[in-house]
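Hi everyone, thanks for making time. Let me put the structure up, and then I'll walk you through a few parts of it.

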Amino acid sequence: MPASPSTARAINDRLALRLLQQEGPLTAGQLKQLTGLSRPTVADLVDRLTSAGLITVVGESGAQRRGPNARLYGIVADRAHLAALDVRTEGVLVLVSDLLGRVLTEASAPIGGDTGTGPAVEQAVAAVENAAKEAGADRLHTVGIGAPGLIDPATGDLRDSAGLPAWHRSLAATLVDRLPGARVTVENETNLAALAEQREGAARDRDTFVLLWLGHGVGAAVVLDGTLRRGASGGTGEIGFLPVPGTNTLPSAGDCAGGFHSLTGAAAIISLAGEHGLPAPAAVDGPGAAEVVRGAVADVLAGGAVTDVPVGGAVTAEADAAPDRFLRALADRVAVGAASVVAVLDPGCVVLGGEVGQAGGAVLAKLVEERLRRMSPLVTEVRASSLGGTAVLRGALLTARDRAQDELFAPPERSGG
């Protein structure tokens, strides 16, 4: 059935706004060319969007004659301010942006492990409020939160997870109370990292891939045909609980010790480095494990050691250097979990994310890919993250921006505007 006039106007408005989002400021003539709409229709939508306060004249196109078609129209970036949070065991990272996603300010709030739930939540919320004030935002329209643990698909709430601070579960509700009118969304951190890698990072050319997060802990995110898959209980990608060979026990419902986490979590990576005689980092966490891996990669590249020795193959004296042996042993461990994912999903591409995945870079990715080639008949490309530890914050911002734009760019009958 043909669209009603109001529906057609709404569709045209959304199309124009998306083009302005993707392409930047455009003239009415450029909008006409890109949308295929008639000149009067474009003139009408420009008037509507300008009256609604969504777009404004931001300059002129110098190459064209002066007049209506020479004006450059752009989205009103300060129409809404957004916040993104990366909630970690030891604190929270915050950034505030405008509606276009341009970062205006960044902040962090370390929170000690012995801090009570109330004071911890207060510190995190204060960090958000102070960041918004510094960015010049009177109010926040949308807040995106990335946190470890399971997200209840029915309620969107962070579920109780063993080993995670209690203040994590109280943060979203407190932000709703303290930020009147703000829309607050919580998503699993690894899922947000996958979204960021798909939109801005290593998987931009992939509709189907798996992100294997290697940091303080280990997790996975699954994107199939361009859609993030969360599972019936929100637990798709809890690969830390995957039973694997090489551990002394089996994981339980409340503890991933004995699962894949025991092979590739930060503590396991640092312990493996110690077994190969590499120096220990100051902290046993994701950044600490990344420091060890980054140093090993640098030593290998500087020394020209062979990093593509087949499993069980001959090893030269040069390739038997401690950093090289450590990286090959780590690749063996990573490949164990990756092979299980590949066997079930056949994603064609695995991105090694998190601080450790980024630190390992192309060297670690190549080693894991070679092992997968020998373990599985399914051809799988392995790539290193290009965003690393920043991916969660970027994913939270992208989620907040999408939600804000969906509402602000919606027709009046949906948005209530």
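Okay, this is a predicted model, so keep that in mind. Let's start at helix α1, residues 5–23: α1 lies across β1, β2 and β3, and runs at about 95° to β3.

So how do those three strands fit together? They make an open sheet in the order β1-β3-β2, with antiparallel pairing. Because β1 (26–27) and β2 (55–60) sit at the edges with a single partner strand each, one side of each has no neighbour in the sheet. If you look at β2 and β3, with β3 being residues 71–75, you'll find five bridges joining them in the antiparallel sense. One spot to look for there is I55, which stands opposite I75 in β3.

Now let's zoom out. The protein chain has 13 helices and 13 strands in its secondary structure. Its C-alpha atoms fill a box of roughly 75 × 50 × 45 Å along the principal axes. For 417 residues, a compact globule would have a radius of gyration near 22 Å, and the protein chain comes out at 24 Å, so the two agree.

Last stop, the largest pocket. How much space lies in it? About 990 Å³. There are 40 residues lining the largest pocket, and P148, G149, L164, E189 and G217 lie nearest its centre. Among the elements giving at least two lining residues each are β4 (81–88), α6 (189–200), β10 (218–224) and α9 (286–303). By class, that lining breaks down into 14 nonpolar, 16 polar and ten charged residues.

That's my tour, thanks for listening.

Definitions and conventions. Residues numbered from 1 in each chain as written. Predicted model: local features only at pLDDT ≥ 70, side-chain atom pairs only at ≥ 80, totals over all residues. Heavy atoms only, no water. 1 Å grid on protein atoms, 1.4 Å probe; cavity = no way out; pocket = protein on both sides within 12 Å on 5 of 7 lines; lining within 4 Å. Points joined across faces, edges and corners; volume = space filled by probe spheres on them. Helix = DSSP H or I, 4+ residues; strand = E, 2+ residues; numbered from the N terminus. Nonpolar A, V, L, I, M, F, W, Y, C, P; charged D, E, K, R; others polar. Pairing = 2+ DSSP bridges. Contact = heavy atoms within 4.5 Å. Axes fitted to C-alpha atoms, helices over the stretch in contact; angles between N-to-C directions. Rg over C-alpha atoms; globule rule 2.2 N^0.38 Å.
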